[in-house]
Amino acid sequence: MSFGPHLFLALLEGTVAAFVLALTALGLSLVFGVMRVVNVAHGEFFMLGAVLAWAVSSLVPASPALGFLLALIASPLAVGAVALLADRLVLRRLHYAPEATIVATIGLLYILQQLVLTFYGPYARPVAAPISFRVQFPWFGYSGYKLVVIAAAAALLAATWYLLMRTRIGLVMRATQYDRETAQAFGIPVERVYSGIFALGAMLAAVAGVLIVPIQQAHYLMGLDPLLLSFITVIIGGLGSLRGTLVAAFVIGLSDGVISVFFSPTLAKIIATLFVALVLVFRPSGLFGSARA
Amino acid sequence: MRSGTGRALLLHLAVLAVLFGLQFVLPDYHHRSFARILVLASYAVGYNLLLGYTGLLSLGHAMLFAAGLYGAGLAVQHLAIDAASGFVLGILSGLALALVVGLVALRTSGVAFMIVTLMFSQAAFLTTLYFSAVTRGDEGFTLPAAARQYAIGDLFFDLTDPGTRYNLALLLFGACLMASFALVRSPMGRVLVAIRENEPRTVMLGYHTFRYKLLALAASGAISGAAGAAYALLFSYVGSTFASIQYSILPLLWVLLGGVGTTLGPLIGTLLMFYLIDTISGYTSAYLLVVGLALVLLVLLFPKGILGTVRAKAAPWLP
Amino acid sequence: MTLLATHGLVRHFGGVKAVDGVDFALDRGEIRAIIGPNGAGKTTLVGIICGRIEPSAGRIRFEERDITGLSAWRRVQRGIAYTFQITSVFAGLTCFDNLALAAQRGVHGHRALEKEVARLLGRVGLADSANSQAGVLPYGHQRLLEVALGLALKPKLLILDEPTQGLSDAEIDHFCALIREVAAEATVLLIEHNMAVVMELAQRITVMDNGRILAEGAPEEIRANAQVQEAYLGP
């Protein structure tokens, strides 16, 4: 394949990665934006989503489509429940103190990861795609399911945007983000909003995990890369800025996809990590963000 | 003399004496474990300097430990340098890296500092993988036994001998412990604690707090590098795992458990956690679950740690 | 003899001019009070002088040298000490450790440090509190500790930001006596709302309003000044 088609393939791969990253990073960004909490276990919610998807779909081995549909509903709900539990038992009790919360979520990361290791095992397991068709381009065939992922992710992003911008619940969430004290004075149950946001963030990551699992097998360590990429996305896009997060997700998803096809992924990651650290040092509100202190 | 210094000094010397005596009664397996624990506890002492005394929570100390590990290991392996020079090189590597990272990272604080140190450490970890031609990446390499002998005049040190290993590890730990004890009682130590308690006020008392934080990080880096170098030279294995996030989280855990901001806390935390993980590993490969649970429980219920609680409840003179 | 002089000091916060062109000068050895309604810019001005706030424009000279670019910690070392408006002692440390921190740069050896700290504690009347945790002291005592911290720095200029706020009458009397003593060794600049204290202590008063200096002079002049009365009481 010559360069042009190769690039096109890389862009397609990058687009899939970008949409999935957008979902995952959005979850992290919401949690940070509203609760001012950095959830280091966010990648594990992604991983749980994928692993539970495997578990659910293996209950209905005859019909991959049905299994996948069930997974798409059940898995995020279950992960949301886990997140709620973590919030109630741990984060709320710490009063969301920044440093203590990070340490606690690191603990949560290990707990979730190792529990999955114990019950699911160290092996990567595939999940059949609900639909398998190939789209035939002039230079290569491309998995139709990946295009479905793009469509589904786009739909979910739109739905989340609608939820946040056009519904009362979304208004309540944005009010709490903007000024917690005033929100409380207006009778908004801030603690419940926080629980809700934390669960929503986890569910977004879980859905991303479900969508990706037919493409990339479910494995107990699969949460670490999405975590790093989401971090990079949220920091570069600007802590607290949803628009910035989305823009950054596309930039990073696309470039990660393209770079990984042409260059060493390890080198790409090194550069990305250093870049993020430097952005955080020299431009603390990210490249686009307007973080409220 | 500062009140309580006599008692505290006696306590520290007693602990070292007990550790020295233990080598004659410990069965083989525990004898080897203790040597390891003492080196790792030195790493924890270095970490505590930054967290417990200066109040800076770093999530990237693995890169400093690894700087010492690889600094000594690569030099001995590829440049045929002797063990003692390798050790010094390891310390200098940790110190240098800490200074470079500190000049950039110390412009941030709190959560941002945690993330920045995490990112730098990740980059360092990935670098050990990227240059796997030299470092052998994940697989790592072992130092040949010949490299682990050292002679000064008539004295001959064989680092493969368990007795030598134990005593060198104890020497390292003792030096780090007493250095941290001295620092903590010194005027500089007082400034570090002040920075932890109320940095703006410390600035307004005429202290260039950035410089002090950098010094603390440099000292922490030197100690962590020394521990890493010792680990390579005494236990012969050098690998990427030691640069991974796990080795940044472990000292945090050891220090939290033993007591943040206490000189002896790191030893207790390392000792307990080592045996806890050791025991659990006998039953399952998911021993990191214990690490996770411990972190959550400590932060939620027991933030002062063991010696921290003892100090608060019964012994305010404990440094 | 001018100790401190500012030229055209300006500080914006967004659209607000907190300090709007201030030329302010202090003579060595005087006790000067800055008064003015809330929002007049007093704390901002003083913040710029001690280096905690950067000016948007203007220059400052201390002891004939330009210190505009000097960082706060360096100004402290040159002799400018600031005590915080909202008490900012090291609550978790003992009074001894608080003062030791402030005094140790000027004193060598542990015995000498102990003596110096004891002297400072005695001077402000906290001799019994050496080993008490600063955070559990009654409020008035914490304010005294703040002053002691300033004194420990052996300053040439001691800036006190609303030092008597929250103190009882007896504590205020004690405070005034202390300041009069201190003025023998250092120039004192205080921001105060308590008029009785101002009239009692100040040799000269500077009145600020809306980021500018409204009037400056001896206490009786200021008391009689119509503009000042208007600024405080309204037209």
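Tyr96(A) sits in the loop between helix H3 (64–91) and helix H4 (98–120) of chain A, and that loop is where we'll warm up. A quick note before starting: this is a predicted model, in which local features need pLDDT of at least 70 and side-chain atom pairs count only at pLDDT 80 or more, while totals for chains, interfaces and linings use all residues. Residues are numbered from 1 along each chain as its sequence is written, with chains lettered from A and ligands numbered from 1 in the order in which they are written.

**Exercise 1. Two loop residues in chain A**

Work out whether Tyr96(A) counts as buried, exposed or partly exposed, and do likewise for Arg36(A).

Step 1. Get the backbone out of the way. Tyr96(A) isn't a glycine, yet its phi is positive, about 55 degrees. Arg36(A), also not a glycine, has a positive phi near 60 degrees.

Step 2. Place the second residue: Arg36(A) belongs to the loop between helix H1 (3–35) and H2 of chain A. Helices here are DSSP runs of H or I with at least four residues, numbered from the N terminus.

Step 3. Count neighbours. A residue is buried with 20 or more other C-beta atoms within 10 Å of its own, exposed with 12 or fewer, and partly exposed in between, with C-beta atoms placed from the backbone. Tyr96(A) has 16 C-beta neighbours inside 10 Å, so it's partly exposed. Arg36(A) has 20 others within 10 Å, so it's buried.

**Exercise 2. Three helix pairs**

Sort these pairs into parallel, antiparallel, perpendicular or oblique: H2(A) with H9(A), H2(B) with H10(B), and H11(B) with H12(B).

Step 1. Know the yardstick. Axes are lines fitted to C-alpha atoms over the stretch in contact, and angles run from 0 to 180 degrees between N-to-C directions. Under 35 degrees is roughly parallel, over 145 roughly antiparallel, 65 to 115 roughly perpendicular, and the rest oblique.

Step 2. Take H2 (residues 42–57) and H9 (residues 224–237) of chain A: the angle is about 135 degrees and the axes are 8 Å apart. That's why the pair is oblique. The crossing of H2(A) past H9(A) is right-handed, meaning that the near helix is turned clockwise from the far one by less than a right angle; anticlockwise would be left-handed.

Step 3. Now H2 (residues 28–53) and H10 (residues 209–235) of chain B, at about 170 degrees with axes 7 Å apart. These two are therefore roughly antiparallel, and H2(B) passes H10(B) in a left-handed crossing.

Step 4. Last, H11(B) and H12 (residues 265–281) of chain B come within 7 Å, axis to axis, and cross at roughly 110 degrees. So they're roughly perpendicular, with a right-handed crossing. Residues making the contact include Trp254(B) of H11(B) and Met273(B) of H12(B). By class, that contact has ten nonpolar, four polar and no charged residues. Here Ala, Val, Leu, Ile, Met, Phe, Trp, Tyr, Cys and Pro are nonpolar, Asp, Glu, Lys and Arg charged, and the others, Gly among them, polar.

**Exercise 3. Who touches whom?**

Which of the two pairs of chains in contact shares the most contacts, and how far apart are the closest C-alpha atoms of chain A and chain C?

Step 1. Residues are in contact when their C-beta atoms, placed from the backbone, lie within 7 Å. Chains A and B share the most contacts, using 32 residues from chain B and 31 from chain A.

Step 2. Look at chain B's side facing chain A. H5(B) gives the largest share, 14 residues, and the side divides into 25 nonpolar, six polar and one charged.

Step 3. Turn to chain C. This contact takes 14 residues from chain B and 18 from chain C. H8(B) gives the most to chain B's side, with five residues. The classes on that side are seven nonpolar, three polar and four charged.

Step 4. Chains A and C have no contact; their closest C-alpha atoms are 15 Å apart.

**Exercise 4. One leucine at the B–C contact**

Find residues of chain C that Leu205(B) touches.

Step 1. Leu205(B) lies in the loop between H9 and H10 of chain B, and it's buried because 26 other C-beta atoms lie within 10 Å.

Step 2. Leaving out neighbours within four places in sequence, its contacts are Val76(C), Leu101(C), Ala102(C), Leu149(C) and Leu153(C).
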